[in-house]
Amino acid sequence: MEKVRLDENPEEDKALRPLLLSDFIGQKLLKDKLSVFIEAARMRKAPIDHILFSGPPGLGKTTLAGIIAQEMGGRFHSSSAPALTKPGDLVKILTILEDGDVFFLDEIHRLSRQCEEILYPALEDGYIDFILGEGMTTQSIKLPLKPFTLVGATTRSGMLSSPLKSRFGIDLKLEFYDPADLALIVERSARLLEINMKKEAALTVAKRARMTPRVANRLVRRLRDYATVENVQEIDGAFASECLEKLGVDELGLVELDRKLLRLMIERYNGGPVGIRTLAALVDEEERTIEEDHEPFMLRISLWEKTPQGRMASPQAFSHLGFPTVTKSNENQGRLF
Ligand code: ADP
């Protein structure tokens, strides 16, 4: 069976990215705020304030950063905190920014302390301080920057240091999508990829796409593969369900790894709590993959619980996987959620 992975593939995503705020589906409250901030900045003829987007992967943080650049008429530069291994890497980007450019910095919670130190005056006062040379010839240089907008993205806003967080004038959280909005995204993607898909099929995909546009788009592409190979001219609801079944995506949108994690918790640990490290080792995946790609959605649909002692499978998880529900008291587990 083909494994459906949930992590990123930026190249694959690019073609389907909306370029204007009006093409961005869903997230109504966030969009309303953003359009006011964009309009106000345009009227002032100044760059929009620095923005922090937080939320699980695949919900549209990168897309929105690109939209802001487009709407503000600036260029779009993008990097990711783990890629900035030396302060010089960050300095290089900051110094090429032009008036009104957008600098998108993904996974900003993973920024090194030295890079953070460079960002503070850059964000607050528009200059950078950096040290040239070594030993006796050390020289501190203060370099002015052009007015730019930093758009930071994070899947773990709790891990951001508070001094860094406070440098963002605008702090917006992306929510999971409801099936109706996701169905519109599926229809749009099918149209752009020239796939003939019925409305009912779009809704079927939307319901199993983990409330996440990136997952929805990926499923659309896999459906196209099946339709091509099986010479199906129009994808209807039944064909969509059949393909999703073959892909191992169940009616809640869980993939094989989600079910494996839950089954392990239930069968080996009577539902948990189990430490994230143990779980990662048992399924041979990185802790981060579980915490960022799998856990948020399962928490959102109440299959997964997070306690100070570890992760637990909820009674709903037991029944979803066909196990008799345990009546274990969770009162002493000190739940966080
Ligand atoms: P993130 O940066 O939060 O991980 P992305 O911005 O890379 O997410 O979005 C992943 C994919 O989902 C992109 O290809 C984009 O086309 C699509 N997408 C995200 N949000 C929307 C939306 N609201 N409307 C249409 N497509 C979207």
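Two strands count as paired if DSSP finds at least two bridges between them. The exercises below apply this to a predicted model.

**Exercise 1.** Decide whether strands E1 and E6 pair in the parallel or the antiparallel sense, and find the partner of Ser-54.

Solution.
Step 1. Locate the strands: E1 covers residues 51–54 and E6 covers residues 149–154.
Step 2. Count the bridges. Four bridges join E1 and E6, and the cut-off is at least two.
Step 3. Read the direction: E1 and E6 pair in the parallel sense.
Step 4. Look across from Ser-54. Opposite this residue stands Thr-154 of E6.

**Exercise 2.** Write down the strand order of the open sheet and name its edge strands.

Solution.
Step 1. Five strands make up the open sheet, and their order is E2-E3-E6-E1-E7.
Step 2. The pairing in this sheet is parallel.
Step 3. Strand E2 (76–80) and strand E7 (170–173) pair on one side only, and they are the edge strands.
Step 4. From one strand to the next, the twist averages 15 degrees.

**Exercise 3.** Describe how strands E4 and E5 run and what links them.

Solution.
Step 1. Strand E4 (residues 127–132) and strand E5 (residues 139–144) run antiparallel and are joined by six bridges.
Step 2. One bridge pair is Tyr-127 with Pro-144 in E5.
Step 3. E4 and E5 form a hairpin, with six residues between the two strands.
Step 4. In the turn, Gly-133 has a positive phi of about 80 degrees.

Both senses of pairing have now appeared. Strands of a sheet pair through backbone hydrogen bonds, either parallel or antiparallel.

**Exercise 4.** Work out what surrounds the ligand and why it lies between two domains.

Solution.
Step 1. There are 18 residues around the ligand, and Arg-17, Ile-25, Gly-58, Thr-62 and Thr-63 come nearest.
Step 2. Sort the shell by class: nine residues are nonpolar, five are polar and four are charged.
Step 3. Find the helices involved. Helix H3 (61–72) and helix H9 (213–229) each supply at least two residues of the shell.
Step 4. Domain 1 (27–173) and domain 2 (179–246) both give residues to the shell, so the ligand lies between them.

**Exercise 5.** List polar contacts of the ligand with Ile-25, Thr-62 and Tyr-177, using a cut-off of 3.5 Å between N or O atoms.

Solution.
Step 1. For Ile-25, a backbone N or O atom lies 2.7 Å from a nitrogen atom of the ligand.
Step 2. For Thr-62, a side-chain N or O atom is 2.5 Å from an oxygen atom of the ligand.
Step 3. For Tyr-177, a side-chain N or O atom is 3.2 Å from a nitrogen atom of the ligand.
Step 4. Turn to area: the ligand taken alone exposes 560 Å², and the protein buries 99% of that.

**Exercise 6.** Place the unusual backbone angles of Glu-107, Asp-284 and Pro-273 in the chain.

Solution.
Step 1. Recall the usual case. Most residues other than glycine have a negative phi, and most peptide bonds are trans.
Step 2. Glu-107 has a positive phi, near 50 degrees, and lies in the loop between strand E3 (102–106) and helix H5 (113–124).
Step 3. Asp-284 also has a positive phi, near 60 degrees, and lies in the loop between H12 and helix H13 (287–300).
Step 4. Gly-272 and Pro-273 are joined by a cis peptide bond with omega of about 10 degrees. Pro-273 sits in the loop between helix H11 (256–269) and helix H12 (276–283).

Methods
Residues are numbered from 1 along each chain as its sequence is written. This is a predicted model: local features need pLDDT of at least 70, side-chain atom pairs count only at pLDDT 80 or more; totals for chains, interfaces and linings use all residues. Side-chain values use heavy atoms; hydrogens and water are left out. Axes are lines fitted to C-alpha atoms, for helices over the stretch in contact, and angles run from 0 to 180 degrees between N-to-C directions. A residue is near a molecule or strand if one of its heavy atoms lies within 4 Å of it. A polar contact is a pair of N or O atoms within 3.5 Å; within protein, one must be able to donate a hydrogen and the other to accept it, and residues adjacent in sequence count only if both atoms are side-chain atoms. Accessible areas come from the Shrake-Rupley method with a 1.4 Å probe; for residues, only the protein chains shown count as cover. Ala, Val, Leu, Ile, Met, Phe, Trp, Tyr, Cys and Pro count as nonpolar, Asp, Glu, Lys and Arg as charged, and the others, Gly among them, as polar. Domain bounds come from an automatic or database domain assignment.
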